[in-house]
Amino acid sequence: MKKMIVAPNGCFDFTTDKIASDKSISHRCAIFSLLSDKPSIIENYLGAEDTLCTLNIVKLLGANVEHNGNRITITPPLDVKEPPVILDCGNSGTAIRLLMGYLSTCKGFFVLHGDQYLCSRPMRRVADPLRSIGALIDGRSDGNYAPLAIRGQSVKAFHYESKIASAQVKSALILAALQADGVSTFSEPELSRDHSERMLRGMGANIESNGLHVSIHPLKTPLKPLTITVPNDPSSGFFFAVAAAICPGSKIVLKNMLLNKTRIEAYKVLARMGARVEFIETQNVYESVGDIIIHAGELSGVCVDENISWLIDELPALSIAFACAKGKSSVKNAEELRVKESDRISSVVKNLRLCGINVEEFKDGYEVEGGTLTCATINSFGDHRIAMSFAIAGLISGMEIEDIECINTSFPNFLELLMQIGSVK
Ligand code: S3P
C-alpha cells in the first residue's frame, strides 16, 4: 500500500487548467454514446480508473473506441453485444447504477461487478424500481449488492417518486424509461445533479423537467451522437479550493471548470465561511463552464443542512475547512454520506479526531469545532476523497496518508498538482 507525506510550504498563488475532467459527465459520455447510431466525439474524457472501467465496458458491449490525443471517438454497435466476461465497474457507483438502468432493457445477459468497496454499496435503490417495471436483476442479498446479474427485458412505463435525491437513481431510471412502452415520470425530493437530462436532451431525447419532476418519452429512433468537451471537475477542484481558503495569503485560479449549480454549492459554503470566491462563466454548451477563483480568508463556522446533494462529494474536503475555521461547523441531513466510497461520516470523524480536532458524530452528519490541526497518520479507508482531503490538511500541519492508490479512481494527477503548492513525498 502506497503512502504519502505532505508538508506545508507557505502561501501560494497558483493557476491551473489541469484539474481532472468531470467524472460524472465522462461516465455519461461513454454510456450515452450507445444510444446513438453514429460516432460520438469526446474531448478531455477523464482518464482515471473509474471512467476507464466504463470505457472498457462500452467496448465489451460492442463499441469501437479510438483514441487520438485528447479526443476519443466512440462508434456504437448496431445492437449491444452480450459480453462473454463480467463487466467490471471498479470503484464506481455511477457506472454500476447507470449501467443497471441501461442494460436492464438490452437483449442479453450481463454481470456487473466491482471492487470490494463497490460490492458493499446498496443497489436496491435502483434494482427495486427497475424490477417493479419488469427488469430481471439479481445479486447478493436479494439484489442489493454486486455482483449483479441482469437479463435484459422489455419494461413498462412508470411513475416513480424517489425518496432520495440521487442522480444515480434518477439517471438509471431515465435510461430504462427511454426504452419503456410509454411516457414515464420520475420525481425526487431535492434536485440532484442534472447532467443526464441535459446531455440526453442535447442528443435529441424528449425529456421534460420541471424542478423535481422529469417526464421521459421512449425513444422512437436512435439519438444524435455527442460532440462534447468534458469540462474540469468541480468536485476534484474543490480540494484545491479548500487549500487556497485555509492557507493564509493564498489564491488559486481553477480554469475550465463545470459551473452547473448542482455542483458548485460547496464553493458557496466556503464563501459563506469567509473565503473570497468568484465564478466567471466563459461558455455554455450543454453546461455552464468557466473559471473559479478562490482567495484565502478568515474562516468562521457554518451550518450545512440544505441542498445536501449539491455538495455531498465535497463534504470531506469541506470538513478540513471546518477544522481550520473559528467556531463550530455542522453538517446535517447527510445520511447519504454513510453509503459513499466509504462511510464518510465515520471516516471524516475518525481522521479529524486523529488530527486533534473535536468532532461529534451524528447519524446524519457531524459537528466540528475549529481548532489547530496536528500531524497524524491517516487511513484513507480506500476512499479517494478522504485521501485527498487529508492531504490538503497536510498543507497546514503536515500529514501522512496511508493507502493512497484510490486517488487514481478520480484524479490521477492530484499529486503532481499538490506538489506545485506543498511539499509532498
Ligand atoms: C453521481 C451522483 C452522486 C455523487 C457521485 C456521482 C453521478 O451520487 O455522489 O459521486 O455521477 O450521478 P448519488 O446520485 O448516489 O447521490
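Q: I'm new to this one. How is the chain divided into domains?
A: Two parts: domain 1 takes in 3–21 + 231–424, and domain 2 covers 23–227. Keep in mind that this is a predicted model.

Q: Okay, how far apart do the C-alpha centres of domain 1 and domain 2 lie?
A: Those centres are 28 Å apart. As for the contact, domain 1 puts in 32 residues and domain 2 puts in 29 residues.

Q: And what area do domain 1 and domain 2 bury between them?
A: About 2500 Å², with 46% of it on carbon and sulfur atoms.

Q: Which residues in domain 1 lose the most area to domain 2?
A: That would be Ser-21, Tyr-286 and Thr-409. Together they make up 27% of what the domain 1 side buries.

Q: How many salt bridges are there between domain 1 and domain 2?
A: The count is four. On top of that topic, 19 residue pairs are in polar contact across the interface of the two domains.

Q: What classes of residue does domain 1 use on the side that touches domain 2?
A: A mix: 10 nonpolar, 11 polar and 11 charged residues.

Q: Switching to Arg-193, which residue does it form a salt bridge with?
A: Its partner is Asp-313, and the closest N and O atoms of the pair are 3.1 Å apart.

Q: Now the ligand. Which residues surround it?
A: Arg-193 and Asp-313 turn up again here. The others around the ligand are Ser-24, Arg-28, Thr-94, Ser-166, Ala-167, Gln-168, Ile-312 and Lys-340.

Q: What does Asp-313 have close to an oxygen atom of the ligand?
A: A polar side-chain atom, 2.7 Å from that oxygen. Ser-24 also has a polar side-chain atom 2.7 Å from a ligand oxygen.

Q: What about Gln-168, is it a backbone or a side-chain atom there?
A: Backbone: a polar backbone atom of Gln-168 is 2.9 Å from an oxygen atom of the ligand.

Q: So how much of the ligand does the protein bury?
A: The protein buries 95% of the 390 Å² that the ligand exposes when taken alone.

Terms used:
Residues numbered from 1 in each chain as written. Predicted model: local features only at pLDDT ≥ 70, side-chain atom pairs only at ≥ 80, totals over all residues. Heavy atoms only, no water. Domains from an automatic or database assignment. Contact = heavy atoms within 4.5 Å. Buried area = accessible area lost by both parts, 1.4 Å probe. Salt bridge = Lys/Arg side-chain N within 4 Å of Asp/Glu carboxyl O. Polar contact = N/O pair within 3.5 Å; in protein donor to acceptor, adjacent residues only side chain to side chain. Nonpolar A, V, L, I, M, F, W, Y, C, P; charged D, E, K, R; others polar. Near = heavy atom within 4 Å. Areas by Shrake-Rupley, 256 points an atom, 1.4 Å probe, with all protein chains shown as cover.
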